[in-house]
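Biologist: I'm new to this one and would like a close look at a single part of it. Could you walk me through it slowly?

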Amino acid sequence: MRDVYRITRRVAVSNASVLVLGETGVGKELIAGAVHQLSHRSGRPFVRVNCGALSESLLESELFGHVRGAFTGAVTNRTGRFEAAQGGTIFLDEINSTSLTLQVKLLRVLQEKEFERVGDTSTLRTDVRIIAASNRDLMGEVREGRFREDLYWRLNVVPIEIPALRERRDDIPALISHFLDYYNELNDRYVVHIGPGTMEALQDYHWPGNVRELQNYVERAVVMAETDELTTDLLPDCVRNGRTQMAPDADGPTPANFDSLARNVVQAGLDEIGQDAGDAHGSIVNRVERELIQQILQACGGVQTKAAARLGMNRNTLHKKIKEYGLGDDG
């Protein structure tokens, strides 16, 4: 984090574009705000845009504005975020969520400092510093064809990578102290002491949700505490027993949380078969492999040659495993 602070201070005094990288909840918006506040633009607007929260058409209008009649419902002219941020800073969060079409327009703003409102032919000039953020590996997105390489290099003038909370556990006591002060004042409470074993439990937890998750749990503890002490019984089960909390309706693991989800899968398997049972490898790994093969087969439309290539195994090996796991016929 000292490197993060050092880079933040150095880049703030320039006009360079900044790309803030890190998992969800590590504080990317706070670093973007710090860059703005430490810059010569601090007296001008700091405008935030969550690119993942809007569809392509709405995001384009949000960023660049539109003129009356540009589309159904456009009954008046609308000023976009780039105009609103004139002279200041615009923070584009979840930049990886933008479409390739919109990325072309963002590239033009970065290179030419100009844009048009949706439905307009007049070109507007802009003097805005762009700070972008992503919780995905943008170079990986470039390789997959989901993000333009030229835009990546224009944004990535000065990258600031924020480590996950589990990689900087020494920060946890200071963060807890900060959040206790904040939520005590907000809720007119006085929870100032840390009970036995509480700090250890908080520092041992994996924190898939990073600082945002810690903030949540401290707020909950302040609200629920009946004394002036933060005790382990005020913490959720996932912190007390060291397991990662999993959302029941999640569509699937995100890259940032995959390690912790794998840990949960293994733990659940051990709990089911018994901690002292033999052949834990066969009982757990085989079931995971069966599920992997089944999903890859479905994704490849049942074509075993394609599935084998995705899995990195030859077709004969895959064919044997399909029969072994009872996943299909011999075809």
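Let's begin with Asn 184: in which helix is its place?

Modeller: Keep in mind that this is a predicted model. The place of Asn 184 is in helix 8, which covers residues 172-187. Asn 184 has a relative accessible area of 7%, and because anything under 20% counts as buried, Asn 184 is buried. What does Asn 184 touch? Setting aside the neighbours within four places in sequence, Asn 184 is in contact with Arg 189, Tyr 190, Val 191, Val 192 and Val 222.

Now take helix 8 as a whole. It has 16 residues and reaches 22 Å from its first C-alpha to its last, close to the 22 Å expected at 1.5 Å a residue. Asn 184 has company in being buried there: Ile 172, Leu 175, Ile 176, Phe 179, Leu 180 and Tyr 183 of helix 8 are buried too. If you look down the axis of helix 8, these buried residues fall within an arc of 155 degrees, so they line one face of the helix. Turn to the other side of helix 8 and you find Ala 174, Asp 181 and Glu 185, which are exposed. And what does the buried set pack against? The buried residues of helix 8 pack against strand 10 (193-194), helix 9 (198-204), helix 10 (210-224) and strand 11 (229-230). Just after helix 8 comes Asp 188, with a positive phi near 55 degrees.

That's the part you asked about, so here is some of its wider setting. There is an open sheet of five strands, in the order 2-5-8-1-9, with parallel pairing. Its edges are strand 2 (46-50) and strand 9 (158-161), each of which pairs on one side only. On average, and ignoring direction, neighbouring strands of this sheet are turned by 20 degrees against each other. For a closer view of one pairing, look at strand 5 (residues 89-93) and strand 8 (residues 129-134): they run parallel and are joined by four bridges. Phe 91 stands opposite Ile 131 in strand 8.

Aromatic rings are worth a stop as well. The count comes to eight aromatic pairs. One of them is Phe 64 with Phe 82: the ring centres are 5.5 Å apart and the planes are at 10 degrees, so this pair is stacked. It links distant parts of the chain, since Phe 64 is in helix 3 (residues 56-64) and Phe 82 is in helix 4 (residues 81-84), 18 residues apart. Phe 64 is buried, with a relative accessible area of 2%, and Phe 82 counts as buried at 0%. Phe 82 also forms an aromatic pair with Phe 115, and that one is tilted, at 6.0 Å centre to centre and 45 degrees between the planes. Here, too, distant parts of the chain are linked: Phe 82 in helix 4 and Phe 115 in strand 6 (residues 114-116) are 33 residues apart. Phe 115 is buried, as is Phe 82. Taken together, ring pairs link Phe 64, Phe 82 and Phe 115 into a cluster.

One last residue is Ala 84, which lies in helix 4. Ala 84 is partly exposed, with a relative accessible area of 41%. Apart from neighbours within four places in sequence, Ala 84 is in contact with Pro 45, Val 47 and Thr 79. Ala 84 and Leu 63 are 21 residues apart in sequence, and their C-alpha atoms are 9.3 Å apart in space.

Note on methods
Residues are numbered from 1 along each chain as its sequence is written. This is a predicted model: local features need pLDDT of at least 70, side-chain atom pairs count only at pLDDT 80 or more; totals for chains, interfaces and linings use all residues. Side-chain values use heavy atoms; hydrogens and water are left out. Helices (H or I, at least four residues) and strands (E, at least two) are DSSP runs, numbered from the N terminus. Buried means under 20% relative accessible area, exposed over 50%, partly exposed in between (1.4 Å probe, protein chains only). Contact means heavy atoms within 4.5 Å. Rings of Phe, Tyr and Trp (its six-membered ring) pair if their centres lie within 6.5 Å; planes under 30 degrees apart count as stacked, over 60 as edge-to-face and the rest as tilted. Two strands pair if DSSP finds at least two bridges between them. Axes are lines fitted to C-alpha atoms, for helices over the stretch in contact, and angles run from 0 to 180 degrees between N-to-C directions. The expected span of a helix is 1.5 Å times one less than its number of residues. The arc is that of the directions from the helix axis to the C-beta atoms.
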